[in-house]
Amino acid sequence: MEPVRTCIGCRSRAPRSSLLRVVSQNSQVVADDSAVLPGRGAWLHPTLECYRLAVRKRAFGRALRIRGEVDTGNVENRLNTSDDQ
């Protein structure tokens, strides 16, 4: 049975393989495509809709336990380039 995770954007549960793991590195949120980077991770559907929901709810900072400003530009760029293909 495949592990199930919760998307921090829409809060729906989904199989781990259908979600994108993100981690914090030096107060920047980065996509962890291989799901092996060290540190606390959060899970997100790889869609701009869920990304925008997570930003609006300030879910990245809460889920990754980051205080202050959270730079999510890397994740947004990753989602934009995957939509273009």
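Here are three short exercises on a predicted model, each with a worked solution.

**Exercise 1: the overall fold**

Work out how the elements are ordered along the protein chain, and how compact the chain is.

*Solution.* Start by counting: the protein chain holds five strands and three helices. Next, read them off from the N terminus, and you get β-β-β-β-β-α-α-α. Now for size: the radius of gyration is 12 Å, close to the 12 Å from the globule rule for 85 residues, so the chain is as compact as a globular protein of that length. Its C-alpha trace spans about 35 × 30 × 25 Å along the principal axes. Finally, check the contacts: of those with a separation of 6 or more, 51% link residues 24 or more positions apart.

**Exercise 2: the core**

Find out which elements build the largest nonpolar core, and what V75 touches.

*Solution.* First, the core itself: it has 20 residues, and I8, V22, V29, L44, F60, V75 and L79 have the most contacts inside it. Then sort by element: β3 (20-25), β5 (41-44), α1 (48-56), α2 (59-64) and α3 (73-84) each give two or more residues. The top contributor is α1, with four. Last, zoom in on V75: leaving out residues up to four places away in sequence, V75 touches V22, V29, V30, A31, L44 and Y51.

**Exercise 3: surface and charge**

Describe what the protein chain exposes and how its charged side chains are distributed.

*Solution.* Begin with burial: 33% of the 85 residues count as buried, meaning under 20% relative accessible area. The exposed area comes to about 5,400 Å², with 45% of it supplied by carbon and sulfur atoms. As for charge, tally 14 positive and 9 negative side chains; the centres of these two sets lie 12 Å apart.

Definitions and conventions:
Residues numbered from 1 in each chain as written. Predicted model: local features only at pLDDT ≥ 70, side-chain atom pairs only at ≥ 80, totals over all residues. Heavy atoms only, no water. Core = buried A, V, L, I, M, F, W, Y, C linked by side-chain atoms within 4.5 Å. Buried < 20%, exposed > 50% of the residue type's maximum accessible area, 1.4 Å probe, protein only. Contact = heavy atoms within 4.5 Å. Rg over C-alpha atoms; globule rule 2.2 N^0.38 Å. Areas by Shrake-Rupley, 256 points an atom, 1.4 Å probe, with all protein chains shown as cover. Lys, Arg positive; Asp, Glu negative; His and termini not counted. Charge placed at Lys NZ, Arg CZ, Asp CG, Glu CD.
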